[in-house]
Amino acid sequence: MKGFLIAVIFLVIGGAAGGFLALGVGAGFGAASGIIAGSQAGICFAMETAKSDGLLTEEQIDKVIKDTVGTIRNKSPDGSFKEIDWISSEKNCADMMQKLEEEIAKSSK
């Protein structure tokens, strides 16, 4: 249970931090797209923590990611964020995190 609470905390912190960091990535799409990208990054941080704590299997992680992103998409205006790369699996999270790390590295030079 302690690990799950830590994962939830990472989701909240990751969403906020990811939203801030993703503003650079999503600048062309506007702040709302940056926040959505940041929320997805927060999901990825939380799932990474849950996996490392042994709380979820890969299949469970993929389901949580898919369901959570589905909720975000349902709350977004129809068709307004077509240019966003929506995640749907742990593999997509790994790709997104790599892109974020590359953007951070570029901006810190």
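What follows is a chat about one buried residue and some salt bridges in a predicted model.

Visitor: What kind of model is this, and how are residues numbered?
Guide: This is a predicted model, in which local features need pLDDT of at least 70 and side-chain atom pairs count only at pLDDT 80 or more, while totals for chains, interfaces and linings use all residues. Residues are numbered from 1 along each chain as its sequence is written, and side-chain values use heavy atoms, with hydrogens and water left out.

Visitor: Where is Val-69?
Guide: Val-69 sits in helix 3, residues 58–75. Helices are DSSP runs of H or I with at least four residues, numbered from the N terminus.

Visitor: Buried or exposed?
Guide: Val-69 is buried, at a relative accessible area of 3%. Buried means under 20% relative accessible area, exposed means over 50%, and partly exposed is in between, using a 1.4 Å probe and protein chains only.

Visitor: What is Val-69 in contact with, leaving aside neighbours within four places in sequence?
Guide: Its contacts are Gln-40, Ile-43, Trp-86 and Ile-87. Contact means heavy atoms within 4.5 Å.

Visitor: How far apart are Val-69 and Gln-40?
Guide: From C-alpha to C-alpha they are 7.2 Å apart in space, and they are 29 residues apart in sequence.

Visitor: New topic. How many salt bridges are there?
Guide: The count is five. A salt bridge here is a side-chain nitrogen of Lys or Arg within 4 Å of a carboxyl oxygen of Asp or Glu.

Visitor: Which residue does Lys-51 pair with?
Guide: Lys-51 forms a salt bridge with Glu-90, and their closest N and O atoms are 2.9 Å apart. This pair links distant parts of the chain, since Lys-51 is in helix 2 (residues 31–52) and Glu-90 is in helix 4 (residues 90–107), 39 residues apart.

Visitor: What are the accessible areas of those two?
Guide: Lys-51 is partly exposed at 40% relative accessible area. Glu-90 is also partly exposed, at 22%.

Visitor: What about Lys-63?
Guide: Lys-63 has a salt bridge with Asp-67, with 2.6 Å between the closest N and O atoms. Both are in helix 3, four residues apart, so about one helical turn separates them. Asp-67 is partly exposed, at 39% relative accessibility.

Visitor: And which residue forms a salt bridge with Glu-103?
Guide: That is Lys-106, where the closest N and O atoms are 3.9 Å apart. Glu-103 and Lys-106 both lie in helix 4, three residues apart, about one turn of the helix. Glu-103 is partly exposed at 34% relative accessibility, and Lys-106 is exposed at 57%.

Technical notes. Helix = DSSP H or I, 4+ residues; strand = E, 2+ residues; numbered from the N terminus.
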